[in-house]
Amino acid sequence: MRGVGLIIVLGGVVIGAGVAVVFGAFPARTDIREIDFSRSACFGQCPTYDVTFRSNGCAIYIGHRNALLIGRYTGEVDFQKLADLVETHHFWDLQSQYAMNVVDAPGMELRVVKPSKIKTVETRAESGRDVPVDFYALGKLIDGFVFTTHWFSSVPKKSTQSSGWFEMPPSKLIPGCV
């Protein structure tokens, strides 16, 4: 009988630990309201763009040079997933600047807004020993959000048909993305 009690207790500990692991794996809801990210030029062909993600799911992208899209676009994203990545990559523990003396390296800037706090972290080196892995990884993850979002042009584009040039209306307007 004593062995059965021990098995029940051990089973409860194992189940409790499993529940703690499962629930601990998901970050708590964050109060982040906006995430702004930009990549700036280098002496080569580095893409330069700015993107803003808002807690309502709105994303605004502006491509400047050497980027996949040039111009202003809007889209929709899973903001909570992105905000969770910011939290789990220890953004709030980062310094405000890293490797700012690297002249020919592409720049990266990440600004995160909470109701009570705004923090910006920037670098002129995309990677290296002077840039924390968490910050470098956040840049790559945000690039992933940028490249997998379906972007819509917010201004009419010119297109050609056999009959000549005509104005195409914006393909979709995302509410709240102005």
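Rings of Phe, Tyr and Trp, the last taken by its six-membered ring, count as a pair if their centres lie within 6.5 Å. In the predicted model shown above, a search of the whole structure finds seven aromatic pairs of this kind.

One of them joins Phe37 and Tyr49, whose ring centres are 6.3 Å apart and whose planes meet at 55 degrees, a tilted arrangement. Phe37 belongs to strand E1 (residues 34-40) and Tyr49 to strand E2 (residues 48-54), so this contact ties together parts that are 12 residues apart in sequence. Both Phe37 and Tyr49 are buried.

A further pair is made by Tyr61 and Trp151. Their centres lie 5.4 Å from one another with 40 degrees between the planes, and the pair is therefore tilted, because planes under 30 degrees apart would count as stacked and those over 60 as edge-to-face. This pair links distant parts of the chain, 90 residues apart: Tyr61 sits in strand E3 (residues 58-65), while Trp151 is found in the loop between helix H3 (133-148) and strand E8 (152-153). Tyr61 has a relative accessible area of 3% and is buried. Trp151 is buried as well, at 12%, because the limit for a buried residue is under 20% relative accessible area.

The residues described so far also belong together: Phe37, Tyr49, Tyr61 and Trp151 form one aromatic cluster with Tyr73.

Another kind of ring contact involves a charge. Lys119 lies over the face of Phe91, at 5.7 Å from the ring centre.

Methods: Residues numbered from 1 in each chain as written. Predicted model: local features only at pLDDT ≥ 70, side-chain atom pairs only at ≥ 80, totals over all residues. Heavy atoms only, no water. Helix = DSSP H or I, 4+ residues; strand = E, 2+ residues; numbered from the N terminus. Buried < 20%, exposed > 50% of the residue type's maximum accessible area, 1.4 Å probe, protein only. Lys NZ or Arg CZ within 6 Å of the ring centre and 35° of its normal.
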